[in-house]
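Subject: A structure for you to explore

Hi there,

Here is the structure I promised to pass on to you. Have a look around it first, and then read on for what I found.

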Amino acid sequence: MRLPSACLVVLVGPSGAGKSHWATENFRPEQIVSSDALRAAVGVSEHDQRAGADAFEVLDLILARRLARRLLTVVDTVGLDPDRRATYREVARQHGVPSHAVLFDTPAEVCRARNRTRARAVPTKVLAGQVAARDQVASHIDGEGFDGVHRPEPVDVVPAELVAAPDAAGRQRSQPIGLRFGLQLSSFAGPGGRFDERLAETAALAEAVGFTSLWVMDHVVQIPQVGRPWEDMPESWTTLAWLAAHTRTARLGTLVTGVTLRNPAHLAKIVATLDVLSNGRAVCGLGLAWWKWEHDLYGWTFPRTGERYALLEDTLQLLPVMWGAGSPPFKGQVLDVPETICYPRPVQANVPILLGGSGEKKTLRLAARFADACNVFGDPATVARKRSILERHCEEIGRDPAEVRVTHLSTAVVADSRREVAAAVERLGSNATTPEHTTERLGAGLVDDQIGRYRQLAEAGVHTAIVALPDLFAPGALERFGRVIAAFDPPAPA
């Protein structure tokens with residue numbers, strides 16, 4: 001049984017069916033909410049039936065709080081009351097969390113035998129009523145609205161995007177399709193030794209295992225989603241120039257440069273220089289910019305959203321002019337460049353421009369008009385929807401949608417066993433600095449899990465999967481992900 005790391009699990013079965021034993025074998029104690037334990041907490045013991053109403057009131061409160069935080073929660077009660085099951089499903093739905101039921105069809109004689117061994121046995125008539133209710137529930141629970149109804153089996157808890165991965169991995173093995181992979185260098189907090197040497201060795205190894213592009217964030221302070229503000233965050237375009245000197249084929253870009261952080265004409269010069277130094281491997285990632293604190297810290301102006309969109313649209317049009325023939329003047333909504341002089345010219349006739357963000361009304365429309373690629377987030381269904389909207393914007397202006405590639409940024413951890421997956425999640429999750437950096441977002445799984453995950457993204461229209469590896473500097477991390485890349489060989493067309 002594969003369950004997403006953020007979900008509700010409702011156990012359904014009579015006393016003696018083995019619910020609590022199964023739960024403790026498959027989930028951590030803090031993930032299980034037991035009505036018996038709550039009766040002991042609010043009453044004199046777990047058998048205190050007078051405390052039942054209070055126990056369920058506490059259960060409802062715990063359930064709501066945990067699901068609001070997208071924490072996997074197992075409700076260990078008999079689960080035979082249809083109204084309570086409906087309430088649990090509704091709470092899960094309100095918080096965008098899937099709900100699963102586990103139906104224990106343990107034979108009645110086994111339940112009775114187990115019940116007789118208890119220090120406080122459930123009355124025979126009560127147990128008989130529970131068994132009859134379970135049999136009745138079994139006939140219609142599939143239609144109640146749970147996202148899944150299961151029999152008790154061993155459980156794999158995986159990130160939501162990996163739940164359907166086995167089937168997708170099978171498709172990749174039987175009918176392989178291409179996909180390119182980029183490595184996002186988002187954290188530089190690695191082991192000891194010289195920073196420059198570690199970065200060069202990492203880039204060279206990434207290229208060797210099959211990554212076709214290397215990306216850095218364009219920030220001057222580490223962002224809270226990844227680390228702490230005092231962690232190393234080298235300047236992006238300088239770093240890309242260093243990477244150019246220590247790689248041979250990988251494309252090099254920012255994901256993405258905030259349009260407010262540099263004079264756009266100067267940015268064109270920087271990108272052109274990188275393209276020359278890398279012999280035509282530069283990619284210019286652009287975005288609206290979002291972190292006001294960083295702007296305040298360095299004395300940059302942080303305009304209102306509308307002004308930043310105007311600046312972004314002008315920059316998207318200015319850059320190709322700066323890189324093109326001649327030096328004509330450029331006048332946009334907010335930019336005025338009297339002569340677009342930029343020498344040396346880029347090696348590439350057209351330096352690719354990647355637009356970060358997936359806003360459906362503005363950003364994707366700008367991507368359709370001016371960009372060569374756009375970067376989106378989300379699960380395959382979200383990506384497919386964004387791709388469809390992008391195609392519609394392209395069709396409105398008469399552009400071939402195939403001219404705008406879709407890239408996708410995600411986080412991944414690859415391990416060789418479930419035990420190693422759990423250890424990695426425990427280790428890396430403990431380094432979280434914000435609620436957003438949860439273990440659910442680590443994307444941890446086995447090689448086959450990741451193959452299935454990226455197959456689904458490729459099917460949704462992704463051309464390049466850009467991956468951040470939280471354990472990047474751990475021994476074997478890049479090589480393990482290289483086994484995922486190998487499943488997509490040959491990659492998608494350049």
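**What I found**

Of the 494 residues in the protein, 51% are buried. Please keep in mind that this is a predicted model.

Let's begin with the overall picture. The protein contains 17 helices and 20 strands. Along the principal axes, its C-alpha atoms fill a box of roughly 95 × 45 × 45 Å. If you take the contacts with a separation of 6 or more, 77% of them are between residues 24 or more positions apart.

Next, the surface and the charges. About 22,600 Å² of the protein is exposed, and carbon and sulfur atoms supply 53% of that area. There are 55 positive side chains and 57 negative ones, and the centres of these two sets lie 2 Å apart.

Now zoom in on a part that I enjoyed following, strand by strand. A good place to start is strand β15, which covers residues 353-356. Are the faces of this strand covered or open? Both are covered: I353 and L355 are buried on one side, and L354 and G356 are buried on the other.

Which strands pair with β15? One is strand β12 (residues 282-287), which pairs with β15 in the parallel sense over three bridges. In this pairing, L286 stands opposite L355 of β15. Another is strand β16 (residues 373-376), again parallel to β15 and again with three bridges. Here G356 has N375 in β16 as its bridge partner. To get from β15 to β16, the chain passes through helix α13 (residues 363-370), and this β-α-β crossover is right-handed. Try tracing that path on your screen.

Strand β16 is worth a look of its own. L355 turns up again here, standing opposite C374 in β16. A373 and N375 point one way from the strand, C374 and V376 point the other way, and all of them are buried.

From there you can step across to strand β17 (residues 405-411), which runs parallel to β16 and is joined to it by four bridges. Within this pair, V376 stands opposite H408 of β17. What handedness does the unit of β16, helix α14 and β17 have? This β-α-β unit, with α14 spanning residues 380-396, is right-handed.

To recap the route: β12 pairs with β15, β15 pairs with β16, and β16 is joined to β17. Following those steps in the viewer is a nice way to get to know this part of the chain.

Happy exploring, and best wishes!

Note on methods:
Residues numbered from 1 in each chain as written. Predicted model: local features only at pLDDT ≥ 70, side-chain atom pairs only at ≥ 80, totals over all residues. Heavy atoms only, no water. Helix = DSSP H or I, 4+ residues; strand = E, 2+ residues; numbered from the N terminus. Buried < 20%, exposed > 50% of the residue type's maximum accessible area, 1.4 Å probe, protein only. Contact = heavy atoms within 4.5 Å. Areas by Shrake-Rupley, 256 points an atom, 1.4 Å probe, with all protein chains shown as cover. Lys, Arg positive; Asp, Glu negative; His and termini not counted. Charge placed at Lys NZ, Arg CZ, Asp CG, Glu CD. Pairing = 2+ DSSP bridges. Right-handed = clockwise from strand over helix to strand, strands pointing away.
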